[in-house]
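Work through the exercises below with the sequence and the structure side by side. Try each task yourself before you read its solution.

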Amino acid sequence: MYKILQKETVAPQVVAMIVEAPHIARHHQAGNFVVLRIDEKGERIPLTIADSDSEKGTITLLFQKIGKTTEELGRLKAGKTIRDIAGPLGHATPILDYGHCVLVGGGIGSATLYPILKALKGKNNNVTVILGARNKELLVWGDRFSELADEVLLTTDDGSSGRRGLVTEALKEVMDKSKVEIVIAVGPIRMMQAVAELTKPYNVKTLVSLNPVMVEGTGMCGACRVNVGGKTRFACVEGPEFDAHDVDFKELGNRLGFYREEEQESMEIFRKKKCKGECKK
Ligand code: NAD
């Protein structure tokens, strides 16, 4: 059992939870994730570890309430428990003395970059962070990134904060201005694909953190298979980060939508049973 110590809504439908998980906190490295289930009959879902504190023995999970399980998780109050959390899972982000690094985050995916920023700064890299969201309310943890990064550039689709436009426009400007050694991007598939297409002609090493459908997270079920460089790779044990220039984003997008009808049906049933009209559509 893992106790929820603190819960905060950080953006509409986006929740940050601090959870007591000393073993995971002790072993967490940037790029890792966990697979959790709320109760014995619960669905297993992968979530990024957005932060950890090994002294306090806590991890921070940041998630969007987009499906039945995340909606249910988001309704748990501080003091309640989560039945199982397996982790830390996945390979850690390769943290080297790169020089100028650019981290590009889209919407809720941005939180994944926070431990990566911490680790890169630990190696004295010069880090530019570009965070993009549809609007000001959906920009997550901008202040936290600003405390550590050498430069933070904010973009919103509607211009309500930072510059109006997409993260790729800001990234292009950064790459035109200075030599970039590595770009790490996390966010919606179409954003990661656009980043990959942009950085390729610049010949800049680019990593993306993929979030395909995942079930058990240990490489047994094959649900999270992705096509990278023409080969089938399992994101849970061989990822979640891969060379962006080799990822088949089209296949990834198709596979992600595979259970959409079942996901919607499950959400409707949950809403009828539990939400009594309180859950947002
Ligand atoms: P969104 O659709 O609101 O997009 C966020 C930002 O991404 C936009 O403001 C824009 O700057 C950029 N973007 C989007 N489409 C683009 C395009 N075609 N070209 C260039 N830039 C583009 O994002 P959201 O609704 O907050 O979704 C966040 C996504 O992050 C979800 O798809 C979620 O699955 C993913 N995510 C991934 C991880 C991971 O570990 N890989 C973790 C959490 C969330």
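**Exercise 1.** In what order do the seven strands of the open sheet lie, and is their pairing parallel or antiparallel?

*Solution.* Keep in mind from the start that this is a predicted model. Going across the open sheet, one meets the strands in the order β6-β1-β2-β5-β4-β3-β7, and their pairing is antiparallel. The edges are formed by β6 (81-82) and β7 (84-89), each of which pairs on one side only. To look at one edge in detail, follow strand β1 (residues 2-11), which runs antiparallel to β6 and is joined to it by two bridges. Here Tyr 2 stands opposite Ile 82 in β6.

**Exercise 2.** Decide whether Gln 29 is buried, partly exposed or exposed.

*Solution.* Begin by finding Gln 29 in the loop between α1 (22-27) and β3 (33-37). Its relative accessible area is 48%, and because partly exposed covers the range between under 20% for buried and over 50% for exposed, Gln 29 is partly exposed.

**Exercise 3.** Describe the residues around the ligand and the polar contacts that some of them make.

*Solution.* First, the ligand has 23 residues around it, and among those that come nearest are Asp 157, Arg 190 and Asn 211. Next, consider the distances from side-chain N or O atoms to an oxygen atom of the ligand, which are 2.6 Å for Asp 157 and 2.9 Å for Arg 190, while a polar side-chain atom of Asn 211 lies 2.7 Å from a ligand oxygen. The protein covers 81% of the 860 Å² of accessible area that the ligand has on its own. Finally, sort the shell by class, which gives nine nonpolar, 11 polar and three charged residues; α6 gives the most to this shell, with three residues.

Methods:
Residues numbered from 1 in each chain as written. Predicted model: local features only at pLDDT ≥ 70, side-chain atom pairs only at ≥ 80, totals over all residues. Heavy atoms only, no water. Helix = DSSP H or I, 4+ residues; strand = E, 2+ residues; numbered from the N terminus. Buried < 20%, exposed > 50% of the residue type's maximum accessible area, 1.4 Å probe, protein only. Pairing = 2+ DSSP bridges. Near = heavy atom within 4 Å. Polar contact = N/O pair within 3.5 Å; in protein donor to acceptor, adjacent residues only side chain to side chain. Areas by Shrake-Rupley, 256 points an atom, 1.4 Å probe, with all protein chains shown as cover. Nonpolar A, V, L, I, M, F, W, Y, C, P; charged D, E, K, R; others polar.
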